[in-house]
Amino acid sequence: MKFNAMTAVAAVMLAVPGVASAGPDDDKLIINGETEIVTKAPLPAHMEDLNMDMIMSGWHFRSDETQVLEMDDFDNPGMVFVEIAQEQWDTVEGSEGKSCASCHEGPESMTGVRAVYPKWNEDAGEVRTLAMQINACREENMGAEPYEYTGGQMANMEALIALQSRGMPVNVAIDGPAKETWEKGKEIYYTRYGQLELSCANCHEDNYGNMIRADHLSQGQVNGFPTYRLKNTKLNTVHGRFKGCVRDTRAETFTPGGEEFVALELYVASRGNGLSVEGPSVRN
């Protein structure tokens with residue numbers, strides 16, 4: 001039997017009686033009692049024609065027990081990996097005998113970086129994600145091996161860099177030379193994939209706030225990545241999450257770091273323009 005996208009969503013929602021709908025809450029996210037995070041914001045200009053009232057962080061779609069873990073760095077399990085990343089930052093690797101610290105005064109020199117990635121790199125002539133830029137620095141400046149794109153060392157370093165921009169508004173540019181990549185990402189976002197014929201939009205635009213199996217669907221924002229998931233007890237990267245989502249449609253997935261996921265990340269990141277950088281966040 002062939003199911004269309006909405007039949008598939010309805011089927012899994014009906015399989016969980018009494019919890020088919022569970023909208024986002026109105027709680028406020030203040031980290032360490034001092035950094036207020038913008039978790040709800042007006043629609044970016046390129047989304048104003050959609051049937052949505054506002055954009056919301058995935059934090060609003062989690063249980064109170066999960067939410068509170070992100071409100072204090074002592075409780076946030078993702079901060080353990082930030083500490084590991086600090087050691088990576090200071091470690092000399094590669095043929096050039098350099099570390100990250102050799103060129104940058106400290107992680108705080110990365111303030112504002114996470115908020116604008118992915119972004120167009122003029123020298124490379126391409127849109128680069130933060131992970132791509134990290135590996136470019138390792139290979140070109142350090143003479144070191146690149147990190148595995150969705151591996152633990154990459155997730156750690158992305159978390160360290162994201163932390164420096166915590167509370168700053170996401171402001172990803174989608175015009176100029178980045179526009180073609182953004183348009184490709186938008187096309188992927190609305191394309192149905194797999195045996196379930198589901199697109200990103202079917203879950204994260206049409207059905208956010210509803211339950212699918214045992215999961216509370218969010219808007220799929222990426223302002224909180226890397227994110228520590230209680231489900232697998234580790235930091236998860238954006239492309240790692242994309243891969244899992246495509247897999248769940250029962251489709252052949254794209255390659256992490258490949259042009260399709262780079263384009264998709266640019267588009268999805270732009271849907272969160274105006275929300276605060278949260279990473280490392282905590283999710284189920």
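This is a short chat about a few annotated residues and one helix pair in a predicted model.

Q: Before we start, what kind of model is this?
A: It is a predicted model, in which local features need pLDDT of at least 70 and side-chain atom pairs count only at pLDDT 80 or more, while totals for chains, interfaces and linings use all residues. Residues are numbered from 1 along each chain as its sequence is written, and side-chain values use heavy atoms, with hydrogens and water left out.

Q: Where does UniProt put the "active site"?
A: The unreviewed UniProt entry places that feature at Cys 245, though such annotations may be inferred rather than shown by experiment. Cys 245 is found in helix α9, residues 238-248, where a helix is a DSSP run of H or I with at least four residues, numbered from the N terminus.

Q: And is Cys 245 buried or exposed, or in between?
A: Cys 245 counts as partly exposed because its relative accessibility is 33%, given that buried means under 20% relative accessible area, exposed over 50%, and partly exposed in between, with a 1.4 Å probe and protein chains only.

Q: Changing topic, which residues does the "binding site" cover?
A: In the unreviewed UniProt entry, that annotation covers Cys 100, Cys 103, His 104 and Cys 137. They are spread over 38 residues of sequence, yet they cluster in space, with a largest C-alpha distance of 11.3 Å.

Q: What does His 104 touch?
A: Leaving aside neighbours within four places in sequence, His 104 is in contact (heavy atoms within 4.5 Å) with Trp 89, Ser 109 and Met 110.

Technical notes. Helices (H or I, at least four residues) and strands (E, at least two) are DSSP runs, numbered from the N terminus.
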